[in-house]
Amino acid sequence: MIGSFTRHLLFAKQAARPALFSAHAAQAPFSAFANHRNTEDNNEDTPFEFTNENYEEIQKLLSKYPTNYKESACIPALFIAQKQNNNFLTLSAMNKVAKVLNMAPMQVYEVASFYTMFNRTKVGKYHLQVCGTTPCMLRGARDIIQAVKDFSHIEMDGTSEDGLFTLSEVECLGACVNAPMIQVNNEYVYEVSSYLKRDIEEESPLLWQFLENTANPTFL
Ligand code: FES
């Protein structure tokens, strides 16, 4: 059975604006995502190489800019790297972008660490980014955050043990007119609280069912 929240999610999925290359890039908060620490799966030696298809994509990007401004393609190239690497932008992936664009690695780190849409820490299959800025906050963002915590048993900036969910709070994602909203990977979901509230009252966590059964992480 598809409940109201799921239907809404499905509608929102169809209507969602692509977050890729969005002008509403949110600035990264001071959080667990702010600093790099070498880990087993994220260090300078972690293998990363663009696929041939993605090299072609980057060449297409570069053709849009003067040859002496390759760094203009930094943000979209980082997106390509992150997408290829299961929504995880590792140090070695950033270094590869720097090499391809003839940039100093530090310049690339500066860009990647500024925006919440670059995941420099491994995130769950479903990265739930709840907007906590004033319009969303006034329309129930706190309740959404609590509901997500209750369902997933994770705290803010945490990832569930099964690797399914990561919860983050982000600044305005430019969808205030449809507050409160959350971003699930690269999909926007609008006007969440009334649907989520009803699902909770019906003890039917359709959000999770939707994510498990319908969403495909390859849509990233
Ligand atoms: S305040 Fe939440 S999208 Fe703008």
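**Exercise 1. Find the residue with a positive phi that follows α4, then work out which residues of α4 are buried and what covers them.**

Step 1. Look just past the end of α4: asparagine 102 follows this helix, and its phi is positive, near 55 degrees. Helices here are DSSP runs of H or I with at least four residues, strands are runs of E with at least two, and both are numbered from the N terminus. This is a predicted model, in which local features need pLDDT of at least 70 and side-chain atom pairs count only at pLDDT 80 or more, while totals for chains, interfaces and linings use all residues. Residues are numbered from 1 along each chain as its sequence is written.

Step 2. Pick out the buried residues of α4: Leu91, Ala93, Met94, Val97 and Val100. A residue is buried if 20 or more other C-beta atoms lie within 10 Å of its own, exposed if 12 or fewer, and partly exposed in between, with C-beta atoms placed from the backbone.

Step 3. Now see what lies over them: the cover includes α2, α3 and α5. Contact here requires C-beta atoms, placed from the backbone, to lie within 7 Å.

**Exercise 2. Decide how well α3 is covered, and by what.**

Step 1. Count along residues 74-84: 8 of the 11 residues of α3 are buried, so to speak "mostly covered". Among them are Cys74, Ile75, Leu78 and Phe79.

Step 2. The cover over the buried residues of α3 includes α2 (52-62), α4 (91-100) and α5 (105-112).

Step 3. Just beyond α3, asparagine 86 has a positive phi of about 55 degrees.

**Exercise 3. Lay out the sheet and place β1 in it.**

Step 1. Write down the order: the open sheet has 4 strands, β2-β1-β3-β4, with mixed pairing. The edge strands, each pairing on one side only, are β2 (165-170) and β4 (187-189). Two strands count as paired if DSSP finds at least two bridges between them.

Step 2. Follow β1 to its neighbours. With β2 it pairs in the parallel sense over 6 bridges, and valine 130 stands opposite glutamate 169 there. With β3 (residues 182-184), β1 (residues 126-131) runs antiparallel, joined by 3 bridges. On that side valine 130 faces isoleucine 182, and leucine 128 has valine 184 as its bridge partner.

Step 3. Is β1 enclosed or open? Since 6 of its 6 residues are buried, β1 is largely enclosed by the rest of the structure. Tyr126, Leu128 and Val130 point one way, while His127, Gln129 and Cys131 point the other way.

**Exercise 4. Check the length of α7 and find its buried side.**

Step 1. At 1.5 Å a residue, the 12 residues of α7 should span 16 Å, and the end C-alpha atoms are 16 Å apart, which agrees. The expected span is 1.5 Å times one less than the number of residues.

Step 2. List the buried residues of α7: Ala141, Ile144, Ile145, Ala147, Val148 and Ser152. They cover an arc of only 165 degrees around the axis, so they sit on the same side of α7. That arc is taken from the directions from the helix axis to the C-beta atoms.

Step 3. Turn to the face away from the buried side, where you will find the exposed residues Gln146 and Asp150. Finish at histidine 153, which follows α7 with a positive phi near 60 degrees.

Terms used. Contact = placed C-beta atoms within 7 Å.
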